[in-house]
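Biologist: I should like to learn how to read a structure feature by feature. May we take the elements one after another?

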Amino acid sequence: MGQKRVAVIGAGIGGLSTAAYLAAAGYQVDVYEKNSEPGGKASVLNASGFRFDKGPSLLTMPFVFEEHFRNLGVNPQDYVGFERLSTNCRYFYPDGITINAYADKKRLSQEFAANTRTAPLSIDNYFRRCGRIYELAADLFLFDSPLTTFRNPTGQSLSTLTHLGELGMFTTLNKINCHYFKDRRAVQLFNRYATYNGSSPYNAPATFLIIPHVEFTFGAYNVCGGINSIPQALFAVAKQKGARFHFTMPVTEIVHENHRIRGIKFDNTEMDCDVVVANSDVRNVYRILLKDHNSPMARLYAGKEPSSSALVFYWGIKGNFKDLEVHNIFFSHDYQKEFQDMFRKKHCPDDPTIYINITSKYVETDAPRGCENWFVMINAPYVAGQDWSSEVAKIRKRIIEKLNRILSTDIEKRIVYESVLTPPDIEKETGSVQGSLYGMASNTVSGAFMRQQNRSFIYRGLYFCGGTCHPGGGMPLALLSGKIASHLVMKGEK
Ligand SMILES: Cc1cc2nc3c(=O)[nH]c(=O)nc-3n(C[C@H](O)[C@H](O)[C@H](O)COP(=O)(O)OP(=O)(O)OC[C@H]3O[C@@H](n4cnc5c(N)ncnc54)[C@H](O)[C@@H]3O)c2cc1C
């Protein structure tokens, strides 16, 4: 029998991951990407002497990336370099308090004790709870496919199932945070972790305590050369393993016969294949590529609330700001209203929390001498008919007013380069439905736990990877999704 032919749709982190594994396993792998570069949301912008990572800025779980390279028989250090941050983020509060989220938990406790009414014991107890949830949930929900786990239950997965009550699925992140912390600044800081998957802490299940555990136990990292060097490295290895890449090739249809995958189409050209692994947004796979509006999965995902999106300003800034870290947050007065504005009223928050990432603090060449590259982001609603030019103008003004006040400066005068990324741009550039960053929001238990599995139950030969399916959004999980999908392909397509 000849080599099995696999078509991967999309060269995002999940697609690059699966392509490498399948090519290394001897499949004939062709990756079709509508853009001219690999990386998807993790793309790059070079302009006027500045380099910006356009999407992700914070890397956690670097061991997942190192494992990827090792699994493929190459030395991770030849491809990527990570540097652990000593301060994960600096938080600026509206009352003038600043909290450094030190990576070291003891220092972090002292910082909280010095600036808020938070006893070190509360921090210890909190992280103990976060760690327990990670221990119970990680294997089942992050590192493997529930499809495999339920078929061959291990001691760990059985333990997870017998301790479901401890996973915090039926309470919210905010409620648990309020239980552990009496100081609203501590609550706001830990509530922010819901935004790591585009959700609201007032609705997202407390199972996401896994996220602060991951960030403070395993660390937050700088990536040498910037985040975009991750997809570039994944691309290099996938090519080295034999995957072939076809850029500016948007796939327009997945062809099937009686629910058996036969190939893919680009307008009128058809290409046969045995397996399709879709790295594109799950909702578009059903709606556009399969033209399936009626199967239970198509209906399930079409009805789910998208995750939040982002509004990003890439500013080349004259000057060096010693008070700023690599990652900085300027919190809003009323965090709950911010999420109501986004998810209910579907407009950008009136008083948004502002995130600033400055990679030139560690990659000097990311900005001209005497300047910094500011990635300035607010969480924004998914696309739902808003007038984005007025939203951009409103938010830009608010950001500048707030930063001028807190940093005692005149930001407008310091902007020497500017570019903007809106939710409709994210939708257009990366094919994410309504510009959502992480697929479906995890604002309900079903949103959080009923993600598309990595193998289709309906279409034989169809697999999924990327941030819109299991195990979830964010770079490490998108990478893991590619590995899980490739294992399922190998098991299912003998
Ligand atoms: C502004 C922003 C900030 C973020 N911040 C972080 C962060 O700090 N940390 C973190 O871990 N994550 C962050 N994320 C999320 C992270 O970027 C994603 O979860 C991850 O990169 C998604 O990878 P993916 O495999 O789903 O592919 P995607 O990046 O979604 O790429 C999918 C690819 O498929 C291509 N495609 C789609 N349809 C077709 C088609 N029909 N034919 C051919 N090609 C197609 C697209 O062009 C795209 O290249 C952020 C994202 C954004 C946008």
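Modeller: Let us begin with a definition: a helix here is a DSSP run of H or I of at least four residues, and helices are numbered from the N terminus. Please keep in mind throughout that this is a predicted model.

Biologist: How far apart in helix α13 are Lys337 and Asp341?

Modeller: Helix α13 spans residues 335-345, and since Lys337 and Asp341 lie 4 residues apart in this helix, about one helical turn separates them. Their side chains meet in a salt bridge, with 3.0 Å from N to O.

Biologist: Is each partner buried or exposed, and what is the general idea behind such a pair?

Modeller: In general, side chains of opposite charge can pair when their charged atoms come close. In this case Lys337 counts as partly exposed because its relative accessibility is 29%, whereas Asp341, at 1%, counts as buried. The cut-off for burial is under 20% relative accessible area.

Biologist: Which residues are linked with Lys337 and Asp341 in a network of salt bridges?

Modeller: The network also takes in Lys345, Asp350, Glu391, Lys394 and Arg398. For the model as a whole, the count comes to 27 salt bridges.

Biologist: With which residues does Arg51 form salt bridges?

Modeller: One partner is Asp53, where the closest N and O atoms are 3.0 Å apart. Another is Asp366, at 2.8 Å from N to O. Arg51 belongs to strand β4 (residues 50-53) and Asp366 to the loop between β17 (354-358) and β18 (371-380), so this pair ties together parts that are 315 residues apart in sequence. Arg51 and Asp53 are both buried, and Asp366 is buried as well.

Biologist: Let us turn to strands. How should one read the two faces of β9?

Modeller: The general idea is that in a regular strand the side chains alternate between the two faces of the sheet. In strand β9 (residues 220-223), Ala220 and Asn222 are on one side, Tyr221 and Val223 are on the other, and all of them are buried, which leaves both faces covered.

Biologist: Which strands are joined to β9 by bridges, and in what sense do they run?

Modeller: Strand β5 (residues 59-60) runs antiparallel to β9 and is joined to it by 2 bridges; Thr60 has Ala220 as its bridge partner. Strand β6 (residues 82-84) is also antiparallel to β9, with 3 bridges, and there Arg84 is partnered by Tyr221.

Biologist: What comes just before β9 in the chain?

Modeller: Helix α9 covers residues 210-218, and because 7 of its 9 residues are buried, the rest of the structure largely encloses it. Among the buried residues are Ile210, His213, Glu215 and Phe216. Gly219 follows α9 and has a positive phi, near 100°.

Biologist: Where is Ala114 placed, and is it buried or exposed?

Modeller: Ala114 lies in helix α3 (residues 105-115). Its relative accessibility is 64%, so Ala114 counts as exposed. From C-alpha to C-alpha, Ala114 is 9.3 Å from Ile99, and the two are 15 residues apart in sequence.

Biologist: How does strand β1 pair, and is it mostly covered or uncovered?

Modeller: Strand β1 (residues 5-9) is mostly covered, with 4 of its 5 residues buried. Its pairing with strand β2 (residues 28-32) is parallel, over 5 bridges, and Ile9 stands opposite Tyr32 there. With strand β14 (residues 275-278), β1 pairs in the parallel sense over 4 bridges, where Ala7 has Val276 as its bridge partner. In addition, β1, helix α1 (residues 13-24) and β2 form a right-handed β-α-β unit.

Biologist: Finally, how is the chain divided into domains, and how should one read an interface between two of them?

Modeller: The size of an interface is often given as the accessible area lost when the parts come together. The domain assignment gives domain 1 (5-39 + 227-305 + 443-492), domain 2 (104-218) and domain 3 (308-430). The centres of domain 2 and domain 3, taken over C-alpha atoms, are 27 Å apart, and 10 residues of domain 2 contact 10 residues of domain 3. About 910 Å² is buried between these two domains, 64% of it from carbon and sulfur atoms. On the domain 2 side, Gln188, Arg192 and Tyr202 lose the most area to domain 3, together 58% of what that side buries.

Biologist: How many salt bridges are counted between domain 2 and domain 3?

Modeller: The count between domain 2 and domain 3 is 0.

Terms used. Residues are numbered from 1 along each chain as its sequence is written. This is a predicted model: local features need pLDDT of at least 70, side-chain atom pairs count only at pLDDT 80 or more; totals for chains, interfaces and linings use all residues. Side-chain values use heavy atoms; hydrogens and water are left out. Buried means under 20% relative accessible area, exposed over 50%, partly exposed in between (1.4 Å probe, protein chains only). Two strands pair if DSSP finds at least two bridges between them. A crossover is right-handed if, with the strands pointing away from the viewer, the path from the first strand over the helix to the second runs clockwise. Domain bounds come from an automatic or database domain assignment. Contact means heavy atoms within 4.5 Å. Buried area is the accessible area (1.4 Å probe) that two parts lose on being put together, summed over both. A salt bridge is a side-chain nitrogen of Lys or Arg within 4 Å of a carboxyl oxygen of Asp or Glu.
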